Amino acid sequence: MSNGKTVDEVLNDIKAQALDVMEQGCTMLEADTKLNCPVGHYPPSSGRKGGTLKRSITHEVSQNGDSIVGAVGSNVEYAPYVEWRKHFFSATIDKDQGQIESMFEKLGGDSKWLLLLEIIL
């Protein structure tokens with residue numbers, strides 16, 4: 001190749017950039033989801049503390065061969081019920097998806113094959 005890199009080195013660079021963009025996208029989606037997440041408010045005498053769902057939202061980026069997967073979600077058992085009633089997570093995906101796809105398009109490709117957001121609720 002003209003820049004002194006082999007094809008494998010160029011592909012590895014592209015994969016590393018894609019991983020970085022997926023990490024950035026998932027970090028953004030996690031932060032925005034936490035902003036939109038409803039928090040329960042309880043009287044002090046109840047001993048309950050609101051915000052468990054919000055604190056539980058996290059993300060993970062992994063690579064398996066040529067696939068890069070970004071997952072954002074919660075392990076709290078009632079998360080699907082809150083999403084079903086409040087739509088805080090799906091609304092965040094709707095809001096952020098275009099921006100995340102644009103981040104991938106800057107890598108020079110079609111974001112449709114690179115972007116896979118896995119909803120784990």
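What is the volume of the largest pocket? The exercises below work up to this and to related points. The structure is a predicted model, in which local features need pLDDT of at least 70 and side-chain atom pairs count only at pLDDT 80 or more, while totals for chains, interfaces and linings use all residues. Residues are numbered from 1 along each chain as its sequence is written, and side-chain values use heavy atoms, with hydrogens and water left out.

**Exercise 1. Find the volume of the largest pocket and describe its lining.**

Step 1. A pocket is an open set of points on a 1 Å grid over the protein atoms alone, where a 1.4 Å probe fits, with protein on both sides within 12 Å along at least five of seven lines. Lining residues have an atom within 4 Å of a point.

Step 2. Grid points are joined across faces, edges and corners, and a volume is the space filled by probe spheres set on the points. The largest pocket has a volume of about 330 Å³.

Step 3. This pocket is lined by 17 residues, and the closest to its centre are Pro38, Gly40, Tyr42, Tyr78 and Val82.

Step 4. Sort the lining by class, where Ala, Val, Leu, Ile, Met, Phe, Trp, Tyr, Cys and Pro count as nonpolar, Asp, Glu, Lys and Arg as charged, and the others, Gly among them, as polar. The lining has eight nonpolar, four polar and five charged residues.

Step 5. Assign the lining to elements. Helices (H or I, at least four residues) and strands (E, at least two) are DSSP runs, numbered from the N terminus. Both α2 (52–56) and α3 (79–86) supply at least two lining residues each, and the largest share, four residues, comes from α3.

**Exercise 2. List the elements of the chain in order.**

Step 1. Count them: the chain has five helices and three strands.

Step 2. Read from the N terminus: the order is α-α-β-β-α-α-α-β.

**Exercise 3. Work out how α3 and α4 are arranged.**

Step 1. Take the axes, which are lines fitted to C-alpha atoms, for helices over the stretch in contact; angles run from 0 to 180 degrees between N-to-C directions. The axes of α3 and α4 (residues 88–105) come within 6 Å and cross at roughly 65 degrees.

Step 2. Angles under 35 degrees count as roughly parallel, over 145 as roughly antiparallel, 65 to 115 as roughly perpendicular and the rest as oblique. Therefore α3 is roughly perpendicular to α4.

Step 3. Look for contact (heavy atoms within 4.5 Å). Val82, Glu83 and Lys86 of α3 meet Phe88, Phe89 and Ser90 of α4. By class, this contact has three nonpolar, one polar and two charged residues.

**Exercise 4. Describe His87, in the loop between α3 and α4.**

Step 1. Most residues other than glycine have a negative phi. His87 has a positive phi of about 55 degrees, although it is not a glycine.

Step 2. Buried means under 20% relative accessible area, exposed over 50%, and partly exposed in between (1.4 Å probe, protein chains only). At 43%, His87 is partly exposed.

Step 3. Compare sequence with space: His87 and Cys37 are 50 residues apart along the sequence, and their C-alpha atoms are 9.0 Å apart.

**Exercise 5. Place Gly40 and Gly50 in the chain and find their contacts.**

Step 1. Gly40 is in the loop between α1 and α2. Gly50 lies in the loop between α1 (7–36) and α2.

Step 2. Gly40 has a relative accessible area of 31%, so it is partly exposed.

Step 3. Not counting residues up to four places away in sequence, Gly40 touches Gly50 and Gly51. Leaving aside neighbours within four places in sequence, Gly50 is in contact with Val39, Gly40, Tyr42 and Arg55.

Step 4. The C-alpha atoms of Gly50 and Pro38 are separated by 9.2 Å.
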